[in-house]
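Here are some notes from going through the model, in no strict order. Have the viewer open while you read.

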Amino acid sequence: MIVILGATGRIGSRILEKLLPNHKVTAVARKDIPPHPNLTTKSFDDLDSVLSEATVVVSCLGHVPSVNMLFEPLFVTEINKKIGEHPSNFRFIQLNSGGVDNPHGGDSRPFMDRLIIGSIGWLTPFRDSIQSANYISTLKKEWCCVRPVNFIEGEGEYEVFEHATKSVFSGAAAKMGSIADFMSKLATDDVLWNKWKFKMPMLYDK
Ligand SMILES: NC(=O)c1ccc[n+]([C@@H]2O[C@H](COP(=O)([O-])OP(=O)(O)OC[C@H]3O[C@@H](n4cnc5c(N)ncnc54)[C@H](OP(=O)(O)O)[C@@H]3O)[C@@H](O)[C@H]2O)c1
């Protein structure tokens with residue numbers, strides 16, 4: 001059973017749409033989601049028992065833009081830890097951000113990118129992205145931390161690299177349908193999974 005956290009969000013909802021026709025999915029969410037014969041919806045209180053049944057866990061959680069988000073706890077990292085420490089064996093896929101460095105190194109970024117990213121690194125959503133990536137990269141459980149750059153509408157051809165290859169501020173973008181395509185395939189395609197597990201793929205529009 002595939003578990004999605006953040007299935008009400010922009011990327012999570014698109015992944016759900018792609019998976020539901022052919023897969024049993026459990027969405028862990030705060031809000032109602034339209035019913036589907038292949039969908040079960042659970043609350044965050046049920047997370048532990050849901051994880052016990054999971055074969056794949058996809059987290060698309062993120063801070064919803066508002067002034068309050070600056071004062072929110074680092075809940076993405078907290079939930080990553082609950083997933084990472086769970087004793088069950090499942091593949092763990094996290095949506096993260098193209099501005100976040102791979103803690104194991106290898107990202108090549110222009111000086112201006114480093115300067116700008118460094119200056120916003122204290123903001124809660126970005127701090128949460130960095131800390132959740134740092135955490136997931138230490139896991140023994142199979143994981144993949146997907147790092148798309150700036151989200152735009154649509155779906156189309158995309159390319160995936162092991163390390164950052166372009167400036168985040170040069171107009172590079174990732175279509176939301178394409179991100180959902182890659183992440184839903186990671187959940188269901190063993191060949192793709194074996195290629196990207198234990199890595200932090202960067203996803204850009206072609
Ligand atoms: N925006 C960009 O251009 C961009 C670019 C690269 C990477 N990213 C990354 O993408 C991620 C966000 O993706 P998105 O745009 O799909 O996010 P989104 O549409 O804002 O969705 C966020 C999801 O997280 C849930 N959520 C928020 N606060 C929560 C809380 N306290 N407890 C439980 N669930 C909570 C939301 O649930 P509700 O519906 O209940 O609020 C929603 O399902 C972030 O990690 C961000 O760094 C964004």
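1. A bit of vocabulary before we start: strands here are DSSP runs of E, at least two residues long, numbered from the N terminus. By that count Gln94 sits in strand β5, residues 91-95. Keep in mind throughout that this is a predicted model.

2. So is Gln94 buried or exposed? The cut-off for buried is under 20% relative accessible area, and Gln94 comes in at 1%, so it counts as buried. Its side chain has polar company, though: there is a polar contact with the side chain of Asn80 at 3.2 Å, and another of 3.2 Å with the side chain of Ser132.

3. Next, have a look at strand β1, residues 2-5, which is covered on both faces. Ile2 and Ile4 are buried on one side, and Val3 and Leu5 are buried on the other.

4. What does β1 pair with? One partner is strand β2 (residues 25-28), parallel to β1 and joined to it over four bridges; there, Leu5 stands opposite Val28. Strand β4 (residues 56-59) also runs parallel to β1, again with four bridges, and in this pairing Ile2 has Val56 as its bridge partner.

5. Between β1 and β2 in the fold comes helix α1, residues 10-19, and the three elements make a right-handed β-α-β unit. The buried residues of this helix are Ile11, Gly12, Ile15, Leu16 and Leu19. They share one side of α1, because the arc they cover around the axis is only 140°. As a reminder, an α-helix has 3.6 residues a turn, so residues three or four places apart point the same way. Arg10 and Glu17, on the other side of α1, are exposed.

6. Now the ligand. How many residues surround the ligand? There are 21, and the closest are Thr8, Arg10, Ile11, Arg30 and Phe151. Two of these names have come up already: Ile11 is on the buried list for α1, while Arg10 is exposed on the other side of that helix.

7. For anyone checking the polar pairs, here are three distances to ligand oxygen atoms. A side-chain N or O atom of Thr8 is 2.6 Å from one. For Phe151 the atom is a backbone N or O, at 3.0 Å, and for Gly6 a backbone N or O atom lies at 3.4 Å. As for cover, the ligand on its own has 930 Å² of accessible area, and the protein covers 81% of that.

Technical notes. Residues numbered from 1 in each chain as written. Predicted model: local features only at pLDDT ≥ 70, side-chain atom pairs only at ≥ 80, totals over all residues. Heavy atoms only, no water. Buried < 20%, exposed > 50% of the residue type's maximum accessible area, 1.4 Å probe, protein only. Pairing = 2+ DSSP bridges. Right-handed = clockwise from strand over helix to strand, strands pointing away. Near = heavy atom within 4 Å. Polar contact = N/O pair within 3.5 Å; in protein donor to acceptor, adjacent residues only side chain to side chain. Areas by Shrake-Rupley, 256 points an atom, 1.4 Å probe, with all protein chains shown as cover. Arc of directions from axis to C-beta.
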